[in-house]
Amino acid sequence: MILEEVSMIGPDLYNLLLYRSFHGRRIRWSVQESEYDKLGSAFGRMPIVIHLGDFLQKKPIGGHSISLIDDLKERERSKKMPENFPPEFQQAMKVFCQTPIERLCFEFQASNRIKEPKLRALMDFIRNPPKKIPAEIQADWDSIQLKDDDPRLLEERFQVGHMIGIYWSTVARWMMMRAKRDAKALKTPLILVQAADVSKPPMPVAAAKKLMNVANPKDSGNMHGMLALHIGMRIRLLDALDEKKTLVKDAEGDIVRIEPHPDDQQRMEEGLRMGAGIIYLTKFPKGVWVRMEKYDGAPFTKLLQGQCSTLLPADTQHLVFIEPRASDPFVFREFTVTRTGLPISHARAITSTACQGRTMRDGVIIDCGRQEGGAHPKEDDDWWLDLYVMLSRATRLEDLSLMRAPDLSFFAQGPHKTLRTQLAKFASRTNACRKQAEKIAKELGLAAYVRPE
């Protein structure tokens, strides 16, 4: 078993993985339910479980938002411990943190994504800052701050690149702005697709307008209320279409055609002939044709080539037709709502959570701003993780452009103290594991294959 992005796996999910693995292997491997969360029987006695990730990345979202390596005693002291935190979750954390070194080895040596010296030096400083900020690091940090009328934003790498914000309220505005701008640049009409909501009891118009403008699609059936689309727009899936065929959540592709309802056919054709402007659809479209990046299993390639010899399978094998779907019921205020819409979002305007694990080779505009007041202020420790994730998506320093960034001194203290303590424990276990591996290698006559320090 391979657990990817393990920093975002919370104790609840880890416990679930332990329990389901136990059920899948209990008969053949004689695992008792009382032992499913003990070291000797973890994951149903699966022989190899690989944990991949970096705990300087984002914590789990939703639920308790507790990491597998959090210090629960410190949380109690600081009054950040959730009420009635289940003992099963606490045991899952112990299993993860106490796994013997001969079974699990943690080590992060370098990021192969970041090869450019300046950005690598900046990220090394953020991870492990010295007592004094080096002058060259300060100069590099100052150079990537966004300025008024910054000419870099007109460069192609930023025009086609990513925009990242911590909050959906930021990203939702960017999505509309970006779609309007890109449609104009591509000389193609902007098409506005409004989701269809059914509520019980019937929702007043004022509340319906509020629901239509909810920024985070997770709060509205995993679909946006108003979706701005255009041909050539890069999209990502908000939900899996077919996991067996790589059409998984966050898979990306480019829109090649929007198939309107017959009542909107004339309106669509006129808009396409004009080559610009905005088309307001009166009926929900039949769907959207998308050329998916990592999908090549379209079943109709020969049929299309038979209809038109220029439609080669190499061009059509990536095509997927995304149809409208109905969401599971969700609650908005006192209403139970079912939404019909398209489970897609703009792929170039995304949140800090969605960007984790991605490599961005064009320009990256980052809104570093955080909510400091209100009911849910973002604390320094969580803000540090957001900033670290967003900054580490680019491959070159010059491809970063930052809005509302903190002073570099914010990073001078390094990661949260508890996180540093836990990572230091992992480092000591890694060293012990390496020495043990070297000893075994020598005993087996494999000393020549051991890499020297």
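Here a biologist asks and a modeller answers about a predicted model.

Biologist: In which order do the strands of the open sheet stand?
Modeller: This sheet has four strands, and their pairing is parallel. Strand 3 (residues 162-165), for example, pairs with strand 16 over three bridges. The order is 16-3-17-18.

Biologist: Which strands stand at the edges of the sheet?
Modeller: An edge strand has a single partner strand, so one side of it is left without a neighbour in the sheet. Two strands fit that description: strand 16 and strand 18 (400-403).

Biologist: By how many degrees are neighbouring strands of this sheet turned against each other on average?
Modeller: Direction is ignored for this angle. The average turn is 20 degrees.

Biologist: Which helix packs on the sheet?
Modeller: The helix in question touches strand 3, strand 17 and strand 18. Its direction makes about 170 degrees with that of strand 17. The name is helix 13.

Biologist: Which residue of strand 16 is the bridge partner of Met163?
Modeller: Strand 3 and strand 16 pair in the parallel sense. In strand 16, the partner of Met163 is Ala349.

Biologist: Is Gln356 buried or exposed?
Modeller: Gln356 lies in a loop, between strand 16 (349-351) and strand 17 (364-367). Farther along the chain, its contacts include Glu5, Gln57 and Arg393. Buried means under 20% relative accessible area. Gln356 has 9%, so Gln356 is buried.

Biologist: What separates the C-alpha atoms of Gln356 and Val389?
Modeller: The two residues are 33 residues apart along the chain. Val389 is also among the residues that Gln356 touches. Their C-alpha atoms are separated by 6.3 Å.

Biologist: Is Arg152 buried or exposed?
Modeller: Arg152 sits in the loop between helix 6 (135-143) and helix 7 (156-159). Its relative accessible area is 15%. The cut-off for buried is under 20%, so Arg152 is buried.

Biologist: Which side chain makes a polar contact of 3.1 Å with that of Arg152?
Modeller: Arg152 is in contact with several residues, including Phe158, Glu398 and Leu400. The polar contact of 3.1 Å joins its side chain to that of Ser401.

Biologist: Which helices do the buried residues of helix 14 pack against?
Modeller: Helix 14 (residues 417-443) has 27 residues and reaches 39 Å from its first C-alpha to its last. Among its buried residues are Leu419, Phe426 and Cys433. The buried residues pack against helix 3 (72-77), helix 4 (87-98) and helix 13 (380-391).

Biologist: Which residue just after helix 14 takes a positive phi?
Modeller: Its phi is about 75 degrees. The residue is Gly445.

Note on methods: Residues are numbered from 1 along each chain as its sequence is written. This is a predicted model: local features need pLDDT of at least 70, side-chain atom pairs count only at pLDDT 80 or more; totals for chains, interfaces and linings use all residues. Side-chain values use heavy atoms; hydrogens and water are left out. Buried means under 20% relative accessible area, exposed over 50%, partly exposed in between (1.4 Å probe, protein chains only). Contact means heavy atoms within 4.5 Å. The expected span of a helix is 1.5 Å times one less than its number of residues. Two strands pair if DSSP finds at least two bridges between them. Axes are lines fitted to C-alpha atoms, for helices over the stretch in contact, and angles run from 0 to 180 degrees between N-to-C directions. A polar contact is a pair of N or O atoms within 3.5 Å; within protein, one must be able to donate a hydrogen and the other to accept it, and residues adjacent in sequence count only if both atoms are side-chain atoms. Lists of a residue's contacts leave out its neighbours within four places in sequence.
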